[in-house]
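I opened this notebook to record, entry by entry, what I looked up in one structure. The entries keep to positions, contacts and exposure.

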Amino acid sequence: GNLLLTASGQSEIYVENYRSIIEYTSSLIKLQGKNCKVSISGKALFIEYYTSDEMKIIGRIGEIKYYS
């Protein structure tokens with residue numbers, strides 16, 4: 001399915017249907033979806049857990065951007 005992000009306030013994001021992690025730092029996380037990519041920027045970002053198709057990101061989330 002499509003990349004699905006569920007934000008809970010500014011401190012956590014639940015991601016479903018991602019394909020891979022492109023970049024992972026404490027200020028930027030880029031993910032590859034089936035049809036698009038998404039970048040999550042902020043401070044103290046941390047992937048709390050992940051499986052093959054879902055993950056939970058915590059931290060101070062500043063911006064979420066989708067791009068092709």
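The entries below go from the nonpolar core to the surface and then to single residues.

**Entry 1, the model.** I note at the outset that this is a predicted model, and I read every entry below with that in mind.

**Entry 2, the core.** I looked up the largest nonpolar core and found that it holds 14 residues, of which Leu5, Ile13, Val15, Leu31, Ile40, Met55 and Ile57 touch the most other members. The elements that give two or more residues to this core are β2, β4 (28-32), β5 and β6, and β5 provides the largest share, with four residues. As background, I recall that nonpolar side chains in soluble globular proteins tend to be buried together.

**Entry 3, leucine 31.** I then asked which residues leucine 31 touches, once those up to four places away in sequence are not counted. The list I obtained consists of Val15, Ser20, Ile21, Ile22, Cys36, Lys37, Val38, Met55 and Ile57; Val15, Met55 and Ile57 are also among the core residues that touch the most other members.

**Entry 4, a surface patch.** Turning to the surface, I found a nonpolar patch of about 270 Å², made by Ile21, Tyr24 and Phe46. Tyrosine 24 lies in strand β3, and I recorded it as partly exposed because its relative accessible area is 38%, which falls between the limits of 20% and 50%.

**Entry 5, lysine 56.** Is lysine 56 buried or exposed? I placed lysine 56 in strand β6 (residues 54-67), and it counts as buried because its relative accessibility is 19%, with the limit set at under 20%. Leaving aside neighbours within four places in sequence, I found lysine 56 in contact with Glu12, Ile13, Phe46, Ile47, Glu48 and Tyr49; of these, Phe46 also helps to make the nonpolar surface patch, and Ile13 is one of the core residues named in Entry 2.

**Entry 6, positive phi values.** I looked up the backbone of two residues other than glycine, and noted a positive phi near 65° for asparagine 17 and a positive phi near 55° for alanine 44. Asparagine 17 lies in the loop between β2 (12-16) and β3 (20-24), whereas alanine 44 lies within strand β5 (residues 37-50). I recorded asparagine 17 as partly exposed because its relative accessibility is 29%, while alanine 44 counts as exposed because its relative accessibility is 53%, the limit for that class being over 50%.

Terms used:
Residues are numbered from 1 along each chain as its sequence is written. This is a predicted model: local features need pLDDT of at least 70, side-chain atom pairs count only at pLDDT 80 or more; totals for chains, interfaces and linings use all residues. Side-chain values use heavy atoms; hydrogens and water are left out. Buried means under 20% relative accessible area, exposed over 50%, partly exposed in between (1.4 Å probe, protein chains only). Contact means heavy atoms within 4.5 Å. A nonpolar core is a set of buried Ala, Val, Leu, Ile, Met, Phe, Trp, Tyr and Cys residues joined through side-chain atoms within 4.5 Å. Patches are made of residues with over 30% relative accessible area and no salt bridge: like charges are joined within 9 Å, nonpolar side chains (Val, Leu, Ile, Met, Phe, Trp, Tyr) within 5 Å. Accessible areas come from the Shrake-Rupley method with a 1.4 Å probe; for residues, only the protein chains shown count as cover. A salt bridge is a side-chain nitrogen of Lys or Arg within 4 Å of a carboxyl oxygen of Asp or Glu.
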